[in-house]
There are 2 protein chains.
Amino acid sequence: MDDWYRFDGAETLDTPALLFYKERIAANIAAALRMVREPALLRPHVKTHKCADIVRMMTAAGISKFKCATIAEAEMLGAAGAPDVLLAYQPAGSKALRLLTLVRRFPDVRFSCLVDDTETAAALDAHCAAAGVTLDVWLDLNVGQNRTGVVPHRAPALAAAVQSCRSLRLAGLHAYDGHITTADPVECRRQVDDAFAPVFALRKELDGIAVIAGGSPTFPCHAGRGDVECSPGTFALWDGSYQRTYPDQPFVPAALLMTSVVSVVNTSLFCTDLGHKSVASEGPIPRLRFVNAPEAMQSGHSEEHMVVTVPDASKYRIGDRLYAMPNHICPSVSMYERAAVVSGGRLAGEWPITARDKRLTV
Amino acid sequence: MDDWYRFDGAETLDTPALLFYKERIAANIAAALRMVREPALLRPHVKTHKCADIVRMMTAAGISKFKCATIAEAEMLGAAGAPDVLLAYQPAGSKALRLLTLVRRFPDVRFSCLVDDTETAAALDAHCAAAGVTLDVWLDLNVGQNRTGVVPHRAPALAAAVQSCRSLRLAGLHAYDGHITTADPVECRRQVDDAFAPVFALRKELDGIAVIAGGSPTFPCHAGRGDVECSPGTFALWDGSYQRTYPDQPFVPAALLMTSVVSVVNTSLFCTDLGHKSVASEGPIPRLRFVNAPEAMQSGHSEEHMVVTVPDASKYRIGDRLYAMPNHICPSVSMYERAAVVSGGRLAGEWPITARDKRLTV
């Protein structure tokens, strides 16, 4: 029986609990490094785990470049010894000031950020000049996701604007292709090549500048190129949705949620303590699968309760533990202030979800 | 112009930020007390705010009884000076042990909890006996929500089982009617009376024992009874969904989320920093309304980004601040480690969201 998720010491934890399986995380890091062949082409996004201990596992494995979405994540990376930190966000106003505080606090870290707008670039330049620092910036390109970024044909003007800024340095191009979610490798490659054709044209125009491309779904497409940095995030922990959608990717689930039965409602329903304050809830029900109870199906969700349908609820007792693989691990992790770490089949301490808070010290 | 939400000092905050409007919270507490007429009949649920400072506002207003869903919330209440704390959860295993630790740590607090199962009651009794404490328990009744609780006709046997426990004391009956969501007061009353008929019959049978009834939607129905404790939670902060659905309830929105424009995508789209890690996402899009931009409509959502559709995006600049009223405030609050407090039209400090963590000290 494949009960990889069981471990000694589980009963000492209260639920709901976030579990990190250390050897599986290590295996995922190794698999990602094999896919890019060269560590310098892997820039993992830390939003999935927000955990300094995992950052340290990654740096120990040879990864030096990281991507993040919040100032707190950038601070966590600096404090954990990451040499190169991209804030994949366009910082204006208060965020620009916070970023510059980090730049000064961690002088040995290469911080960089995105811009997609000339006015914002000019304001950032002024902040940098006032702070006496030079900042690397990446042009954020909209390749079809329509979330942030400048469309590629407007990028040359933006590049020129950045290059005219005294305190900004053009580091490269950044394009996130979150709209491409096909599971078929050939179709994925076709869509990605279409979306990135203008990016690579622009790179040529800008003297072969660096490119950061994609997230988890398109990671295999970009990993083979050999001339772009890849920035998947979910691979470190993997999750139910990616496992089902991308079975060809070499990653294994390395995080679960442990929950307890809190009530047996009737002959076909029981209730667990995995409410929507404890598991990502932006998607439809069911939001997870129970690895040790495959017949159990989520049928209701409230803040601290999850109602589950089973063929025979009399088999379940109050206090029974279930292991859940969430569809989406990233926003599930950020609901926990710590993860219980499983290593060698036993409970091996806990790691803080360092950057779940929106403000650490800066 | 009704710009109650604006305040001096907003620009000093980074976004996304949770805002608590102190005078509005005070007004909501006063309105709830007026509805029950007697403070002893109000037992607010703290899951909405998880905030010790709001607990202290409530105790200062004369409220002595509280309801909560997690051990961390129970600990927060004990530490904040709440005299009477109901854990509205059936504690088994690790949760029972944690609750008993609190019982011993705060000897002046009357802690109580729910049970809906004889085996669990017996186990709890054994834990209490071993700890040398007597615990008040409420029978959790399932009046149609089918989430937790025993159906009323099985409650007499459960009551007898509790009464035979040496270290448990039967405190009363608890019934949550979250399945009744009609906005029509007459229809609400009819449905509530139907659902609670067996509860009141059981109360008679059990010598007029105490009853805790309902949540926010049915609060007006139960508040008029004069002989049940009401346990609404959302009233303290109120939110967009309840404001639209229950316009007759006398509460005002007292919490907002402040967000910034981070990118202008095209002529009809812009992007803000209010991702689904920063606003409750268990419901459909749109998950909020912008009080200072009523024409803006959420059209996309990812972890740290919210894409918004407007008639003319050229009116928006990167860095512009928007004030959002989430549909559901409770799971939005728990995404923030602190709230910025607005009082007298200005920023007046910050309050920790004390019990957002799942474990404080116990």
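**Stop 1: a pair of neighbours in chain A**

Select L114(A) and W138(A): these two are bridge partners, with W138(A) sitting in strand 5 of chain A. Keep in mind that you are looking at a predicted model. Now widen the selection to strand 4 (residues 110–115) and strand 5 (residues 135–141) of chain A; the two run parallel and are joined by 4 bridges. Next, add helix 3 of chain A, residues 71–79. This helix packs on the sheet, where it touches strand 2, strand 3 (84–87) and strand 4 of chain A. Its direction makes about 155 degrees with that of strand 2 of chain A.

**Stop 2: the whole sheet**

Which strands join up here, and in what order? Colour strands 2-3-4-5-6-7-8 of chain A and you have your answer: 7 strands, in that order, in an open sheet with parallel pairing. Go to the edges and you'll find strand 2 (65–68) and strand 8 (229–230) of chain A; each has a single partner strand, so one side of each is left without a neighbour in the sheet. A bit of background while you're zoomed in: strands of a sheet pair through backbone hydrogen bonds, either parallel or antiparallel.

**Stop 3: a salt bridge inside chain A**

Show the side chains of K50(A) and E73(A). They meet in a salt bridge, 2.8 Å from N to O. K50(A) lies in the loop between helix 1 (22–36) and helix 2 (52–60) of chain A, and E73(A) is in helix 3 of chain A, so the pair ties together parts that are 23 residues apart in sequence. Over all chains, the count of salt bridges comes to 48.

**Stop 4: some antiparallel strands**

Now select strand 12 (residues 297–301) of chain A together with strand 13 of chain A. They run antiparallel, joined by 4 bridges, and they form a hairpin with 4 residues between them. Click on T309(A) in strand 13: M297(A) stands opposite this residue, and L269(A) stands opposite T309(A) too. Add strand 10 of chain A to the view, and you'll see this strand pair with strand 13 (residues 306–309) of chain A in the antiparallel sense, over 4 bridges.

**Stop 5: where the chains meet**

Show chain B as well. How many residues of chain A are in contact with chain B? There are 59, and they meet 59 residues of chain B. The area buried between the two chains is about 4800 Å², and carbon and sulfur atoms give 46% of that. Pick out Y89(A), R147(A) and K358(A): they supply 14% of the area that chain A buries against chain B, more than any other three residues.

Next, look for charges. Across this interface there are 16 salt bridges. One to zoom in on links E119(B) with R317(A), whose closest N and O atoms are 4.0 Å apart. To find where chain A's side comes from, try helix 4 (94–105), helix 5 (118–131), strand 9 (255–266), strand 10 (269–272) and helix 10 (330–333) of chain A, the elements that give two or more residues to it. Colour that side by class and you get 15 nonpolar, 19 polar and 25 charged residues.

**Stop 6: over to chain B**

Hide chain A and select strands 2-3-4-5-6-7-8 of chain B, which make an open sheet of 7 strands with parallel pairing. At the edges stand strand 2 (65–68) and strand 8 (229–230) of chain B, each with a single partner strand. Finish on strand 7 (residues 210–213) of chain B, which runs parallel to strand 8 of chain B and is joined to it by 2 bridges. Here A213(B) stands opposite C230(B), a residue of strand 8.

Notes. Residues are numbered from 1 along each chain as its sequence is written. Chains are lettered from A and ligands numbered from 1 in the order in which they are written. This is a predicted model: local features need pLDDT of at least 70, side-chain atom pairs count only at pLDDT 80 or more; totals for chains, interfaces and linings use all residues. Side-chain values use heavy atoms; hydrogens and water are left out. Two strands pair if DSSP finds at least two bridges between them. Contact means heavy atoms within 4.5 Å. Axes are lines fitted to C-alpha atoms, for helices over the stretch in contact, and angles run from 0 to 180 degrees between N-to-C directions. Buried area is the accessible area (1.4 Å probe) that two parts lose on being put together, summed over both. Ala, Val, Leu, Ile, Met, Phe, Trp, Tyr, Cys and Pro count as nonpolar, Asp, Glu, Lys and Arg as charged, and the others, Gly among them, as polar.
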